[in-house]
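Welcome, and thank you for stopping by to look at this structure. Let us walk through it together, beginning with a pair of helices and ending at the ligand.

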Amino acid sequence: MTDRPLVHAVNVTKSFHHNEVLKGIDLDVEAGQVVCLLGPSGSGKTTFLRCINQLETIDGGRIWVDGDLMGYAERGDKLYRLKDKEIAAQRREIGMVFQRFNLFPHMTAIDNVIEAPVQVKGESKKVARERAQALLDRVGLGDRTAAYPAQLSGGQQQRVAIARALAMQPKLMLFDEPTSALDPELVGEVLAVMRELADDGTTMIVVTHEMSFAREVADTVVFMDAGVVVEAGPPADVIGNPQHQRTKSFLSRLR
Ligand code: ADP
């Protein structure tokens with residue numbers, strides 16, 4: 001399936017009880033591209049990210065990541081739910097960074113980073129440590145590998161969380177408002193790391209309210225509202241010259 005984008009989502013629907021949160025979302029993300037999801041609170045952005053990563057089960061539609069149909073096997077025109085173990089294997093290919101960093105508090109930075117490669121992938125501690133050191137260097141924390149989360153600022157903890165996600169060598173990185181829990185003076189250091197990942201060709205989907213990041217880093221900006229994609233395109237169009245009233249009023253409220 002080399003002709004397909006890395007992420008190919010078609011008509012994704014998701015309800016919680018009677019609340020239809022995703023009403024037929026389509027999204028394509030080419031390998032190496034950065035997509036920013038924008039939209040008001042409650043529009044379904046987080047839910048959509050969680051669906052890509054199988055933290056939520058979709059009700060309708062399909063999501064492929066690198067040719068794998070997420071959560072299902074397709075035989076003829078029938079879909080079969082994959083076993084938990086198979087879904088876990090698919091999820092391992094996708095890194096996710098949350099609003100809250102969720103580091104293990106009783107482990108040092110480097111132990112947080114090697115945990116999954118060692119426990120889940122069965123990598124040797126030596127190999128995992130070498131990569132973790134390189135990743136912590138890359139996020140600017142090469143000299144804080146022995147620090148515990150409580151000894152690090154929020155921005156530093158979030159950078160460890162990014163290194164931890166990268167340690168699994170994912171095909172795709174999902175970021176769910178990674179800077180919104182940070183004090184304003186710490187936002188820049190996390191965005192700088194994300195910019196570098198983007199420059200290095202990491203495929204990323206980022207839910208964010210950071211307009212300058214979206215404008216400067218995104219290849220595509222997707223504006224969602226009330227469970228639908230209202231408009232999508234290059235940032236110069238969607239942010240610079242929005243066509244829809246809903247996009248215009250959302251952007252004007254941010255300024
Ligand atoms: P956004 O990320 O755009 O703020 P969300 O995806 O978090 O939006 O939420 C979309 C809607 O889905 C909201 O109305 C929210 O209350 C609802 N929702 C999200 N998760 C759940 C859940 N686990 N159970 C019930 N409702 C949920």
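Helix α5 passes helix α6 in a right-handed crossing. Please keep in mind as you look that this is a predicted model. To find the pair, look for α5 at residues 154-166 and for α6 at residues 184-199. Their axes come within 8 Å and cross at roughly 20°. An angle under 35 degrees counts as roughly parallel, and α5 and α6 are therefore roughly parallel to each other.

From α5 we can step back along the chain to α4, which covers residues 125-138. Helices α4 and α5 pack with their axes 9 Å apart, and the angle between them is about 140°. That angle makes α4 oblique to α5. The crossing of these two helices is right-handed.

Helix α4 has another partner to show you, α3, formed by residues 109-119. Here the axes lie 9 Å apart and the packing angle is about 130°. This makes α3 oblique to α4. As for the hand of this pair, α3 and α4 make a right-handed crossing.

Now let us turn to the ligand. Which residues surround the ligand? Going along the chain, you meet Phe16, Asn19 and Val21, then Pro40, Ser41, Gly42, Ser43, Gly44, Lys45, Thr46 and Thr47. Sorted by character, this shell holds three nonpolar residues, seven polar ones and one charged one.

Some of these residues place an atom beside an oxygen atom of the ligand, and it is worth zooming in on them. In Gly42, a backbone N or O atom lies 2.7 Å from a ligand oxygen. Gly44 also uses its backbone, with an N or O atom 3.0 Å from an oxygen atom of the ligand. Lys45 uses its side chain instead, and a polar atom there sits 2.8 Å from a ligand oxygen.

How much of the ligand does the protein cover? On its own the ligand has 560 Å² of accessible area, and the protein covers 60% of this. Two or more residues of the shell come from each of the elements β2, at 19-29, and α1, at 45-52. Of these, α1 gives the largest share of the shell, three residues.

Definitions and conventions. Residues numbered from 1 in each chain as written. Predicted model: local features only at pLDDT ≥ 70, side-chain atom pairs only at ≥ 80, totals over all residues. Heavy atoms only, no water. Near = heavy atom within 4 Å. Polar contact = N/O pair within 3.5 Å; in protein donor to acceptor, adjacent residues only side chain to side chain. Areas by Shrake-Rupley, 256 points an atom, 1.4 Å probe, with all protein chains shown as cover. Helix = DSSP H or I, 4+ residues; strand = E, 2+ residues; numbered from the N terminus. Nonpolar A, V, L, I, M, F, W, Y, C, P; charged D, E, K, R; others polar. Axes fitted to C-alpha atoms, helices over the stretch in contact; angles between N-to-C directions. Parallel < 35°, antiparallel > 145°, perpendicular 65-115°, else oblique. Left-handed = near helix turned anticlockwise from the far one by under 90°.
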